Amino acid sequence: MSETIQNNQTGQTPQAQPKRKRILSGIQPTGTPTLGNYVGAVRNWALLQNDYDCLYMVADLHSLTVREEPAALRRRTRELAALLLAAGIDPVNSVLFVQSHVPAHTQLSWVLACNTQFGELSRMTQFKDKSAKHPDNVNGGLFTYPVLMAADILIYNADLVPVGQDQTQHLEITRDIAQRFNNLYGPTFTLPEGYVPAAGAKIMSLAEPAKKMSKSDPNVNSFVLMTDDRDTIVRKFKRAVTDSEGSVRFDVQNKPGVSNLMTIYSAFTGKAMADIEAEFAGKGYGDFKLAVAETVADALVPIQTEYGRILADKAYVDGVLKDGAARASRLADRLVAKVYRKVGLLQPER
Ligand code: AQP
């Protein structure tokens with residue numbers, strides 16, 4: 001698909017380059033985003049807008065694979081959209097929308113599910129991990145999650161998908177499904193490539209540095225939220241698990257806690273590990289943790305101020321999401337109609 005995304009207000013493509021590559025990325029409203037979500041995803045999304053046609057989605061349908069309290073899910077969906085805006089997502093240049101506001105995702109998902117094998121889905125490690133995490137709720141949505149994710153990507157013919165290492169299997173299955181469909185029904189879907197952001201890093205839990213930092217972790221000391229105030233940030237970093245060696249040295253194998261803090265410090269300052277080691281040579285973990293905490297707080301406070309302002313204007317946030325859904329639907333509906341025609345579904349009279 002070579003068209004670029006149209007902006008509703010001007011009716012024009014946002015920039016004069018007609019063939020910018022298209023990027024699709026999403027985040028689930030399963031909790032308030034953490035430092036991990038910020039460094040690994042959100043921060044890069046704002047940067048990517050300059051060079052790509054970007055579609056950013058609040059993946060509310062995906063979050064239903066774990067049990068959610070309905071009112072909380074609704075609230076978090078709007079809050080997440082406001083936070084993305086506060087973190088620099090430009091709703092004119094990019095398309096910001098809520099997944100369930102664009103029904104074409106689920107419409108395509110069914111067709112793709114009918115072109116995906118049980119065996120392929122059984123091999124997904126995330127299904128195995130999440131089933132182990134929630135043994136009381138191993139639902140069908142958890143199993144077919146990769147198909148909906150494939151639909152999210154393929155429905156916009158996205159060229160690139162920012163992926164962390166834990167997501168590469170999902171990209172592979174998306175490409176397999178697309179390739180299979182194209183072979184059976186003729187060229188329909190773009191095969192997406194993974195995109196590894198230059199400044200991306202995997203941030204680990206502050207309490208258990210072998211695990212990634214996750215917004216749904218029941219231990220509140222394991223993560224720093226994008227909305228945590230300075231005192232909370234300082235307190236959480238002070239409690240972060242380190243080791244007894246007492247020297248700031250990057251060694252993921254033997255010093256996972258300290259190495260994680262160095263990764264965070266590096267992500268916010270741009271400093272190399274060797275420079276961080278030199279900066280804190282001879283100093284204790286107390287000084288180091290405080291420096292990391294202050295650096296993170298300095299970066300998050302302006303976003304939090306903006307977040308408060310944006311969230312207070314509910315009509316603005318809802319208006320952005322309405323516009324985003326309309327723009328996304330224009331692209332997605334066309335593709336669903338094409339797919340339905342190709343697989344032999346009788347088209348209704350229009
Ligand atoms: N710890 C992390 N370090 C770097 N990147 C991360 N991402 C998540 N955690 C880290 C990236 O954030 C984006 C959005 O993630 P998501 O909300 O769709 O789901 P997730 O990856 O499962 O994130 P969480 O925080 O761990 O959510 P829960 O607790 O609900 O499972 C993705 O691009 C992801 O790579």
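**Close-up views of a predicted model**

**View 1. D287 sits in helix α12.** Helices are DSSP runs of H or I with at least four residues and strands are runs of E with at least two, numbered from the N terminus. The model is predicted, with local features requiring pLDDT of at least 70, side-chain atom pairs counting only at pLDDT 80 or more, and totals for chains, interfaces and linings using all residues. Residues are numbered from 1 along each chain as its sequence is written, and side-chain values use heavy atoms, with hydrogens and water left out. D287 is partly exposed, at a relative accessible area of 46% (buried is under 20%, exposed over 50%, partly exposed in between, with a 1.4 Å probe and protein chains only). Although D287 and K238 are 49 residues apart along the chain, their C-alpha atoms are separated by 9.6 Å.

**View 2. The largest nonpolar core of the model contains 60 residues.** Such a core is a set of buried Ala, Val, Leu, Ile, Met, Phe, Trp, Tyr and Cys residues joined through side-chain atoms within 4.5 Å. The residues with the most contacts inside this core are L35, L84, F237, I264, F288 and V296. Its largest share, 11 residues, is supplied by helix α12, which spans residues 285-312. When neighbours within four places in sequence are set aside, L84 is in contact (heavy atoms within 4.5 Å) with I27, V42, W45, V58, I89 and L96. A second core, separate from this one, has 41 residues, among them F127, Y156, L171 and F189.

**View 3. Helix α9 is shown with the elements that cover its buried residues, including α1, α10 and α12.** On α9, the buried residues are T232, I233, V234, K236 and F237, and F237 is also one of the residues with the most contacts inside the largest nonpolar core. The loop that runs from α9 (230-238) to α10 (256-269) holds S244, which is exposed, with a relative accessible area of 79%. S244 and Y285 are 41 residues apart along the chain, and 9.7 Å separates their C-alpha atoms.

**View 4. The ligand is surrounded by 17 residues.** A residue belongs to these surroundings if one of its heavy atoms lies within 4 Å of the ligand, and those that come nearest are T30, I203, S214, K215 and S216. Polar contacts are pairs of N or O atoms within 3.5 Å; within protein, one atom must be able to donate a hydrogen and the other to accept it, and residues adjacent in sequence count only if both atoms are side-chain atoms. A polar side-chain atom of S214 is 2.6 Å from a ligand oxygen atom, while for N37 a polar side-chain atom lies 3.1 Å from an oxygen atom of the ligand. A polar backbone atom of G36 is 3.1 Å from a nitrogen atom of the ligand. On its own the ligand has 640 Å² of accessible area, of which the protein covers 89% (Shrake-Rupley method with a 1.4 Å probe; for residues, only the protein chains shown count as cover). Two or more residues of the shell come from each of β1 (22-27) and α1 (35-48), and α1 gives the most, with four residues. By type, the shell consists of five nonpolar, eight polar and four charged residues, where Ala, Val, Leu, Ile, Met, Phe, Trp, Tyr, Cys and Pro count as nonpolar, Asp, Glu, Lys and Arg as charged, and the others, Gly among them, as polar.

**View 5. N157 occupies the loop between α7 (140-154) and β4 (160-162).** N157 is buried, with a relative accessible area of 5%, and its side chain reaches the backbone nitrogen of T190 at 2.7 Å. The phi angle of N157 is near 45°, a positive value in a residue other than glycine.

**View 6. R180 lies in helix α8, residues 168-185.** The relative accessible area of R180 is 26%, and the residue is partly exposed. Residues up to four places away in sequence aside, R180 touches N115, T116, Q117 and E120; a polar atom of the R180 side chain lies 2.6 Å from the backbone oxygen of N115. The C-alpha atoms of R180 and V138 are separated by 28 Å, with their positions 42 residues apart along the chain counted as the separation in sequence.
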